[in-house]
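User: Please take a close look at one part of this model, the pairing of its strands, and then set that part beside the helices and the contact between chains. I would like one connected account, with the cut-offs stated.

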Amino acid sequence: MELTRRDVLAALAAVGATVGGGVVAGRYDPPRADAASDAGSGSVAEPTLSTDLLDLLDAAAEVVYPTGVDGRRTFVETYVLGRTENRPAYREGLQEAAAQLDAVARDWRGQPYADLDADVRDKLLRDLGVETAEPVADGTITERIRFYVVNDLLFAFYSSPTGGRLVGIENPIGHPGGIESYQRESMSPSSAEHSGGANER
Amino acid sequence: MSADGGSGGSDGGVGDGVDRTPSPRADVCVVGSGPAGALVAHRLADEGANVVVLEAGPRFEFAERLEQQEQHIRRGMEDPWEMGGPRDAYSTEGRHYPLNAARVKGVGGSTLHWQGMVMRLHERDFEMQTRYGVGTDWPIDYDDLQSYYADAERAFGVAGAMDNPYAPPREEPFPLPAFPPSYSDSLFAEACERLEIDMHSVPNARNSEPYDDRAPCLGYGTCKPICPSGAKYTAESHVAKAEAAGARVIDRVPVQRLEHDDAGETIDAAVYATPDGTEHRQTAGQFVLACGGVENARLLLLSASEQYPDGLANSSGAVGRFFMDHLFAGAGGRLDEPTRQNHVGFNTSETHQFYDDTEPVEGLKLEFLNYAGPSPVIEALGAETWGDELVEQLNESYGTHVAVGGLVEQLPDAENRITLDPDRRDDHGNPVPHVEWSLGERTERAIRRANEIQHAILEELGASIEWTVGPEATGPAYHQMGTTRMGSDPERSVVDADGRAHDLSNLWIVGSSVFPTGGAMNPTLTIAALSLRAAEALSASLSDC
């Protein structure tokens, strides 16, 4: 289920948030090329991220990744942020989606997303409908969070030996893990990997 | 309209500063830069000919392959090869043919997205009429093509082994060692041995070790449609060799039509358009059509003139007709043990044991898949949960799948055809291709036979069969063939055995559009062999000039 604007207004009312319609419009309508010329209609400026992007992504990763993943923050820094550092348009979309998620957290829970408890972070994503949303780079906020935050994290994780091993494959697609593993009956010990990193390029 | 050097400047409005204006009259103009066009361009340029290649699509930079791979794996991203939209519009009739999933326009053509399986046709494929009274004979036989097959294998860098008892004669080992069999092949091997089915290696146009300045396979697992390592052969390789030998390759310039001389005996020019809509005329002494099984026919039809109202090279009426593809047949299920799938994106074992059977006479070959069932990362990206729940879901869905796929021959049928759609136009105002394609009862019967064998193997293996792709669910293997068939009779075919048009002495056609029948082998090695043979004949005609 995807959240509609009506769903969001109801949700905001339910948590007692005091917001104007313009805020919701600004948050839940995807940005358009002509958004700037619309400034007089009650919309607000695009929300900004109150924490470092890495903090937010790592906080989301704690929710999206299974429990017990070691070295998560370094992984996010290296393989999530690092992967797209030379893709400015993508990075801009990621930054915007992260800022939108952070703004929702501040509105609904009164704190930056990264500062919320993990179970609250998880619930917030599910309340937004992100778990069932299609990933759409220029879609609704829910769809953009699915695309830029959740699926970005999932892609990096499950295309790495680290994530793959949890589900039985040490050389998942997207990872250049060589041509030995497909010949083997079972997973090699993880120490046999030439590195544990995701998406080694 | 012909407005050379028009409003968009010399780069045709692309903005990259690349000159897209025509060259002075060339020796050879090649339309299309897939494997057929690239090999011809390279051979002729290497022999000193002045060659211009016109490519409808763009150049895709190799440095972008990892990003393209991400586009492929992740939902919600653009097609990594940018197919679709007004440039590539088409219509279909009969069974839907997903044309834009079946081809790529770009420097390298459809080898950019192909999987890279490269088998030779069998001897019988060249004489289906003589042997079985079906289809039509080729004007050449296997012996005529054998040395060119070897040449093509060297060009691609084919990894293979001489362990296939059903393969046609070959004179030398493959250029590269075969990829070792997969673990799941070993599971199939026991079942097949009990059923007396011979498994053997798969010839792959993929480096099992470094070859021709390209890397060995690194196991990215996304061969089709993206190989980020460069181990998979693409025709970019021979485009680069052609350019190094002096050929000029112009991208983003779809050819609109060919223009013939007043006598209607030769082609004068290929008229191409740049993205800004400007048309240019590339003149040349010889013209080679190499733009795929649909666009080769379409371009001839688009080039209709007062003298040739039914299109060029079409006095036989065969242009666009006899459109064929291979049909996918498959079955799969699960075992109660790990099967180690989706590590690599290619297959390592198949069987040609049933290929030459006579009941039915349609060829069929079976492949033991190394990518059965879901890939965890792709499933995760579409899952409706995350965290520990997602791991649980992926552990349930991944790990025990097996599948046997296969290709089934479709015999030529004049009613399966490419025409011009009078009601739809592309981005340059040309009628789009209209694909009329259906399966006959013969083909459906052959698919059912493939399913029977596949089920027998899976049952012997102890698998629970969960899916079958039979006559209802089947689809094309994206091998467009037959639309400019070769033959010795000008009244029944478009080109001769060398690929030269019967009607126009300086027009050559290469690619799978010239196949009179299609067999059931992936066609690209045969495309390459025929192209090398055509290049030799064309070269001889250049030296005669």
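Analyst: Two strands count as paired if DSSP finds at least two bridges between them, where strands (E, at least two residues) and helices (H or I, at least four residues) are DSSP runs numbered from the N terminus. The model is predicted, so local features need pLDDT of at least 70 and side-chain atom pairs count only at pLDDT 80 or more, while totals for chains, interfaces and linings use all residues. Residues are numbered from 1 along each chain as its sequence is written, and chains are lettered from A and ligands numbered from 1 in the order in which they are written.

The part to begin with is strand E9 of chain B, residues 267-273, which is largely enclosed by the rest of the structure because six of its seven residues are buried; a residue is buried if 20 or more other C-beta atoms, placed from the backbone, lie within 10 Å of its own. On one side of this account stands strand E8 (residues 255-260) of chain B, which runs antiparallel to E9(B) and is joined to it by five bridges, with Leu258(B) opposite Ala270(B). The hairpin of E8(B) and E9(B) has six residues between the strands, and Gly264(B) in this hairpin takes a positive phi near 75°. E9(B) also pairs in the antiparallel sense with strand E10 (residues 279-289) of chain B, over five bridges, and here Ala269(B) stands opposite Thr283(B). In the hairpin of E9(B) and E10(B), five residues lie between the strands, and Gly277(B) has a positive phi near 95°.

Strand E12 (residues 330-334) of chain B can be read in a similar way, being mostly covered, with four of its five residues buried. E12(B) is joined by five bridges to strand E18 (residues 464-469) of chain B in the antiparallel sense, where Ala331(B) faces Thr468(B). Strand E15 (residues 401-408) of chain B is antiparallel to E12(B) as well, with four bridges between them, and Gly333(B) is set opposite Val402(B).

Turning to the helices of chain B, the axes of H1 (residues 35-46) and H6 (residues 236-244) come within 8 Å and cross at roughly 25°, the axes being lines fitted to C-alpha atoms over the stretch in contact, with angles running from 0 to 180 degrees between N-to-C directions. H1(B) and H6(B) are therefore roughly parallel to each other, a description reserved for angles under 35 degrees. Where they meet, Ala38(B), Leu39(B), Ala41(B), His42(B) and Ala45(B) of H1(B) are in contact with His238(B), Val239(B), Lys241(B) and Ala242(B) of H6(B), contact meaning that C-beta atoms, placed from the backbone, lie within 7 Å. The residues of this contact divide into six nonpolar, two polar and one charged, with Ala, Val, Leu, Ile, Met, Phe, Trp, Tyr, Cys and Pro counted as nonpolar, Asp, Glu, Lys and Arg as charged, and the others, Gly among them, as polar.

Chain A, by contrast with these strands, has eight helices and zero strands, and 39% of its 201 residues count as buried. In the contact between the chains, 38 residues of chain A touch 39 residues of chain B. Helices H3 (53-64), H7 (141-158) and H8 (161-166) of chain A are the elements that give two or more residues to the side of chain A that touches chain B, and H7(A) provides the largest share, six residues. That side of chain A divides into 19 nonpolar, 13 polar and six charged residues.

How values were computed
Two residues are in contact if their C-beta atoms, placed from the backbone, lie within 7 Å. A residue is buried if 20 or more other C-beta atoms lie within 10 Å of its own, exposed if 12 or fewer, and partly exposed in between; C-beta atoms are placed from the backbone. Angles under 35 degrees count as roughly parallel, over 145 as roughly antiparallel, 65 to 115 as roughly perpendicular and the rest as oblique.
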